[in-house]
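Me: Could you take me through this structure in questions and answers, beginning with how its elements are defined?

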Amino acid sequence: MLDIKITKAAALKQKPDESNLGFGKIFSDHMFVMDYTPAQGWHDAQIVPYAPFALDPACVVFHYAQELFEGLKAYRTADNTIQLFRPDCNGQRMMDSAVRMCMPEIPVEDFVQAVKALVEVEKDWVPHSDGASLYIRPFIIATDVGMGVHASHNYRFCIICSPSGAYYAEGIDPVRIYVEDEYIRAAPGLTGFAKCGGNYAASIKAGAEAEKLGFAQVLWLDGVEKKYVEEVGSMNIMFKIDGKIYTAACTGTVLPGVTRRSCIELLKDWGYEVIEGKLAIADVMKAGHEGKLEEVFGTGTAAVVSPVKELDWKGDKVFINDSKIGPVTQKLYDTMTGMQWGKLPDTKGWIVPVCKG
Ligand code: COI
C-alpha cells in the first residue's frame with residue numbers, strides 16, 4: 001500500500017472543448033510520480049501539479065531507451081461514476097514488461113492504487129461526451145546518469161492523463177491497413193510482448209510510409225518468415241473467416257492486449273470458435289478473394305474495437321464486408337463500450353469504480 005502525498009496545483013487549466021479532443025494532445029492538471037533507488041526501493045509516491053521533469057541529458061532512457069509504458073482509460077457513466085476497465089491487467093502487463101527490460105517491478109495493487117488516486121484527483125477531467133474518456137498513461141524511465149550499456153539502478157514511475165476522443169481520425173469507420181512486407185516489428189527473443197517505447201520507435205518509419213499511401217496503419221507479419229499475421233501498429237488484430245475467429249497467439253512477439261483478451265473471452269461466451277495461432281497472410285488474402293473473409297477488426301485500449309475495410313499486401317488488395325462494420329465487430333464494440341461507459345451491466349467483473357464525479 002502506497003502512502004501518496006498530494007500537492008494540488010495552485011491554478012487549474014481551462015477544460016478543453018470536448019467536441020474536438022483528438023487523442024493524447026491535452027494533459028490534465030496533475031501527475032503521479034514515484035522514484036526508485038536500490039536502497040529505498042519505490043518511494044516518495046506523490047501526486048503533484050503536471051510539469052516538465054529536469055533530467056540529466058546523460059540519463060540512460062535518452063540513450064538506450066530503457067523505458068516502459070501502459071495505456072488505460074477512465075470512463076464517466078450516466079450517473080457520474082468514474083470507472084476503470086481491468087486496471088490490474090495493465091499493472092500485470094507492466095510488471096511482465098519490467099522483467100524483460102531489467103526494470104524494478106511495482107506490485108500490481110500499488111499500480112492500481114496510484115492510477116485510482118490520480119483519477120480521483122483528476123475526476124473533473126473525465127469527459128462527459130459520448131465516446132470520449134480520460135486516457136491514462138503510466139510509464140517508467142531509467143534515470144541513471146552514464147553511457148554504459150547496462151540496466152539503470154534508478155528509475156522514475158509517472159502517470160499522466162489526457163482527455164481523449166477516438167484514436168483514429170476515422171472514429172468507428174473502417175480503416176485501410178497496409179500489410180508490411182519490408183520492415184519487421186518483432187522476432188522471437190526480442191521485446192515484442194513488452195510495452196516498451198523501443199518497439200514503437202522501430203515501427204514509426206513503416207507507419208509513416210503507409211500513411212503517405214493513405215493507410216491508417218500497417219499490419220506486421222512475423223519477423224522470421226514474413227508469412228504469418230501478428231499485430232497492427234497500435235492494436236491487436238482478429239480475422240473472421242468462414243465463421244471462425246483467428247488471431248495471433250501471444251508467444252512472445254505480440255503485445256498481450258487487454259482489449260484482445262477481453263474480446264476473446266466475449267467471443268467464446270457467445271459461442272464462437274477462437275483460434276489463437278499462426279495464420280498465413282496468403283490464407284487471409286485467399287479467403288478475401290473467395291468471399292470467406294467476413295470481418296477484420298483491431299482491438300486496443302486506444303482503438304477500442306476498430307473495423308478494417310481493406311488489406312493491401314504486395315499490391316494485392318482485398319475489401320472486407322463492402323467497407324462496412326461487420327456484425328461481430330459491432331457487437332464487440334457495443335459490448336465493450338457498453339460495459340466501459342456503464343450502459344450495460346458488468347457481467348464479467350471487469351469494471352473498477354473509482355469515485356463519483
Ligand atoms: C493503447 O491502446 O493504449 C496503446 O498504448 C496504443 C498506443 C501506442 C496509442
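Reply: Helices (H or I, at least four residues) and strands (E, at least two) are runs assigned by DSSP and numbered from the N terminus. This is a predicted model, in which local features need pLDDT of at least 70 and side-chain atom pairs count only at pLDDT 80 or more, while totals for chains, interfaces and linings use all residues. Residues are numbered from 1 along each chain as its sequence is written, and side-chain values use heavy atoms, with hydrogens and water left out.

Me: Between which two elements is the loop that holds A65?

Reply: Most residues other than glycine have a negative phi. A65, although it is not a glycine, has a positive phi of about 55°. With a relative accessible area of 35%, A65 is partly exposed, a class that falls between buried (under 20% relative accessible area) and exposed (over 50%), for a 1.4 Å probe and protein chains only. Its loop runs between α1 (60–64) and β4 (67–69).

Me: What is the relative accessibility of N321?

Reply: N321 is found in the loop between β17 (316–319) and α8, and its phi, near 50°, is a positive value in a residue other than glycine. N321 counts as partly exposed because its relative accessibility is 30%.

Me: Which residues of α3 are buried?

Reply: Helix α3 (residues 108–121) has 14 residues and reaches 20 Å from its first C-alpha to its last, close to the 20 Å expected at 1.5 Å a residue, where the expected span is 1.5 Å times one less than the number of residues. The helix is mostly covered, with 10 of its 14 residues buried. Those of α3 that are buried are V108, D110, F111, V112, Q113, A114, V115, A117, L118 and V119.

Me: With which residues is L293 in contact, leaving aside its neighbours within four places in sequence?

Reply: L293 is found in strand β15 (residues 293–300) and is buried, because its relative accessible area is 6%. Contact here means heavy atoms within 4.5 Å. Once the neighbours within four places in sequence are left aside, the contacts of L293 are F239, K240, I241, V284, A287, G288, L311, V318 and I320.

Me: Is S152 buried or exposed?

Reply: S152 lies in the loop between β7 and β8 (155–164). Leaving aside neighbours within four places in sequence, S152 is in contact with V60, Q66, A142, T143 and D144. Because its relative accessible area is 5%, S152 is classed as buried.

Me: How much of the ligand's own accessible area does the protein cover?

Reply: The residues surrounding the ligand, each with a heavy atom within 4 Å of it, are F23, F69, G71, Y135, R137, Y167, K195, Y200, S234, T301 and A302. Oxygen atoms of the ligand lie 2.8 Å from a polar side-chain atom of K195, 3.3 Å from a backbone N or O atom of T301 and 2.8 Å from a polar backbone atom of A302. Of the 280 Å² of accessible area (Shrake-Rupley method, 1.4 Å probe) that the ligand has on its own, the protein covers 90%.

Me: How far apart in sequence are the parts that D130 and K343 tie together?

Reply: A salt bridge is a side-chain nitrogen of Lys or Arg within 4 Å of a carboxyl oxygen of Asp or Glu, and the structure holds 16 salt bridges. D130 forms one with K343, the closest N and O atoms being 3.0 Å apart, and both D130 and K343 are exposed. Because D130 lies in the loop between α3 and β7 (133–142) and K343 in the loop between α8 (327–340) and β18 (351–356), the sequence separation of the parts they tie together is 213 residues.

Me: Which residues share the salt-bridge network?

Reply: The side chains of K348 and D269 meet in a salt bridge with an N to O distance of 2.6 Å. This pair links distant parts of the chain, since K348 is in the loop between α8 and β18 and D269 in helix α6 (residues 258–269), 79 residues apart. K348 is partly exposed, with a relative accessible area of 26%, and D269 is partly exposed as well, at 48%. Salt bridges that share partners join into one network the residues R86, E265, D269 and K348.

Definitions and conventions. Polar contact = N/O pair within 3.5 Å; in protein donor to acceptor, adjacent residues only side chain to side chain.
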